Amino acid sequence: MSNPLVDMQKPDVIFCIGTNMTECHPVAATGLKKAIARGAKLIVADPRRIGLAEMSHLYLPLRVGSDTALLLGMAHVIAREGLIDEEFIENRTTGFDDFFEHISQWTPEWAESISGVPAKDIETAAMWYGSSDKAAIYYTLGITEHICGVENVQSLCNLALMTGNVGREGTGINPMRGQNNIQGAGDSGALPNNYPGFQSVTDPKHQEKFKAAYGKEIDLEKGITKVTALELCGDSIHAMLIDGENTLLSDPDREHCEHALRSLKHLVVIDIFLTETAELADVVLPATAWGETDGVCTNTERRVQRMRAAVPPPGEAKPDWWIICQIAKRLGFRGFDYDAPKPIFNELCHLSPIYAGLDWERIEKSEYQWPVPHKAHPGTPRLHEDTFVNGKGIFSNVHYRDPAETISNDFPVWLTTGRRLQSYHTRTQTGRAQGIDYLLPEESLEVNPADLEKWELTDGEWCKMSSARGSINIKVKATNRSPRGTVFASFSFADVPVNLLTGSGYDPVTHTAELKVCPVKLEPL
């Protein structure tokens, strides 16, 4: 996030797109509710009439996969109406002239023809956002889990840059992270293209730095993504270590994923429970859970937080860092003689410029948000206040692209997926709690009541849902949350493996799967 969570209470206009925040980030969403209570306007763009839409002052029910078109239409209106921040554009951005000419063709009427959102509502959203003194954007996986995820994010950045809504209190581009410590994992170098601290692996200076730090030769090239790794299983990849992820349920195209993992000669899984993925493993190594672990997490607002073990671990469970170090030493690697998380974190601070001013003692009270470039630095709650790290903000001339698959006679219904308030992700933890089972005992398919008769379905009964990749059986639930022609289900339940159906494509830059768009057909059972 470019801004701290407390800033969620301060905008005059809040634009939420592709985020079901009250269900997926219910604690953080209290800041948004406080902003509305003090008079802020809320714009919500989402295919479903989620809880946020019920709270909104303007709801934009866009067709799944059409975010870029909607955002281009908004940019067109902001430019047409002269709502741009000329001083900010002149001093802090580059490429605006080309961008201004580019967006002249993408009218709100054009955007309506693709997104289904009325042109007058697109104009209203653009006017509210562009004329506000403080406007903030919040998004989540509904923006990134598309083949055009990068273009979606660039489109949001364009809106912020052309209106100067970045680098100030109550503004910004704010992606709400989907999982605990996913920010910290990226900070630590768990990416194929970056060393710790987002230092590019293709930069010779960084190569020399980490060669000296690790005492070994390092390739000057990007690593492969998980998508590529799964494609190579059984071919050039014969062993795999999966740590803390239930890949079989969370990844798209489950049949392909399961075939890939079964093609390995050796699969090792580190986890706290025997997940569906762990059941395929040759070796399962039990890890400690968060309440049993000393360590560090970094949350969605870049806040570096100490974790402290509250209870001893059960049985033979060990912290992930200890398990990985033991494996590394048995493989003959040097430099893994750590006896506690403290020296590991201090090494990260030594190697990462954004953590350079931190150490184990300084994060005692979890008060710092990176970057913290030196010991006297107070931390950076708000990014881009005076300048951008790479110089000037760059406008992107993006184009709309259809999803990898669109509805057809064979598959005439849009399926979109996501999460529910009562359960988390693949239910590795929440699925083992009886109280949660009472609140959400099973998965269901949200269908608009007006579609039931057309598709010969019955509320509360079962249907067969099929895509180009396979079929599942799922119970029907009539609800006005889903628009006509679109259905929704979460991927949380192993007995209703919704992600068996998804997986039609990936963003070519990030390899993020298009989990939010999947054409399907429905048949009564």
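User: How many salt bridges does the structure hold?
Analyst: The model is predicted, so local features need pLDDT of at least 70 and side-chain atom pairs count only at pLDDT 80 or more, while totals for chains, interfaces and linings use all residues. Residues are numbered from 1 along each chain as its sequence is written, and side-chain values use heavy atoms, with hydrogens and water left out. A salt bridge is a side-chain nitrogen of Lys or Arg within 4 Å of a carboxyl oxygen of Asp or Glu. By that rule, the number of salt bridges in the structure is 30.

User: How many residues apart in sequence are the parts tied together by Lys-10 and Glu-169?
Analyst: The side chains of Lys-10 and Glu-169 meet in a salt bridge, N to O 3.2 Å. Lys-10 lies in the segment before β1 (13-17), and Glu-169 lies in the loop between α10 (149-163) and β6 (173-175). Helices (H or I, at least four residues) and strands (E, at least two) are DSSP runs numbered from the N terminus. The pair therefore ties together parts whose separation in sequence, in residues, is 159.

User: Is Lys-10 buried, partly exposed or exposed?
Analyst: Buried means under 20% relative accessible area, exposed means over 50%, and partly exposed is in between (1.4 Å probe, protein chains only). The relative accessibility of Lys-10 is 26%. Its partner Glu-169 has 35% and is partly exposed. Lys-10 too counts as partly exposed.

User: Which residues are linked with Lys-10 and Glu-169 in a network of salt bridges?
Analyst: The Lys-10 and Glu-169 contact is part of a network of salt bridges. Besides these two, the linked residues are Asp-7, Lys-134, Arg-382 and Glu-385.

User: Which residue forms a salt bridge with Glu-23?
Analyst: The closest N and O atoms of the pair are 2.7 Å apart. Glu-23 sits in helix α1 (residues 21-24), and its partner sits 458 residues away, in the loop between β18 (470-478) and β19 (486-490). Glu-23 is buried at 15% relative accessible area, whereas the partner is partly exposed at 25%. That partner is Arg-481.

User: Where does Glu-364, the salt-bridge partner of Arg-306, lie?
Analyst: Arg-306 and Glu-364 meet through their side chains in a salt bridge, N to O 3.7 Å. Arg-306 is in strand β13 (residues 304-307), and the two residues are 58 apart in sequence. Arg-306 is buried at 15%, while Glu-364 is partly exposed at 42%. Glu-364 lies in the loop between α17 (341-351) and β14 (393-394).

User: Which helix gives the most to the negative patch?
Analyst: Glu-90, Asp-97, Asp-98 and Glu-101 form a negative surface patch. Patch residues have over 30% relative accessible area and no salt bridge, with like charges joined within 9 Å. Glu-90 is exposed at 58% and belongs to helix α5 (residues 86-92). The top contributor, with 3 residues, is helix α6 (residues 96-103).

User: Why does Cys-148 not bond to the closest cysteine sulfur, and in which residue is that sulfur?
Analyst: A disulfide is a pair of cysteine sulfur atoms within 2.5 Å. Cys-148 is buried, with a relative accessible area of 3%. Its sulfur is 14 Å from the closest cysteine sulfur, which is too far for a bond. That closest sulfur is in Cys-157.

User: How many disulfides does the count come to?
Analyst: The sulfur of Cys-518 is also too far for a bond, because the closest cysteine sulfur, in Cys-463, is 13 Å away. Cys-518 is buried, at 1% relative accessible area. The disulfide count comes to 0.

User: Which residues does a cis peptide bond join?
Analyst: Most residues other than glycine have a negative phi, and most peptide bonds are trans. Here one bond is cis, with omega about 5°. Its proline lies in the loop between α17 and β14. The joined residues are Trp-370 and Pro-371.

User: What is the phi of Asp-253?
Analyst: Asp-253 lies in the loop between α14 (247-250) and α15 (254-262). At 16% relative accessibility, Asp-253 counts as buried. Although Asp-253 is not a glycine, its phi is positive, at about 50°.

User: Near what value is phi of His-384?
Analyst: His-384 lies in the loop between α17 and β14. His-384 is partly exposed at 25%. Phi is positive in this residue other than glycine, and is near 65°.

User: How far apart in space are Leu-415 and Thr-502, C-alpha to C-alpha?
Analyst: Leu-415 is found in strand β15 (residues 413-418). Leu-415 is buried, with a relative accessible area of 0%. Leu-415 and Thr-502 are 87 residues apart in sequence, and their C-alpha to C-alpha distance is 8.9 Å.

Note on methods. Patches are made of residues with over 30% relative accessible area and no salt bridge: like charges are joined within 9 Å, nonpolar side chains (Val, Leu, Ile, Met, Phe, Trp, Tyr) within 5 Å. Accessible areas come from the Shrake-Rupley method with a 1.4 Å probe; for residues, only the protein chains shown count as cover. Lys and Arg count as positive and Asp and Glu as negative; His and the chain ends are not counted. The place of a charge is taken as NZ of Lys, CZ of Arg, CG of Asp or CD of Glu.
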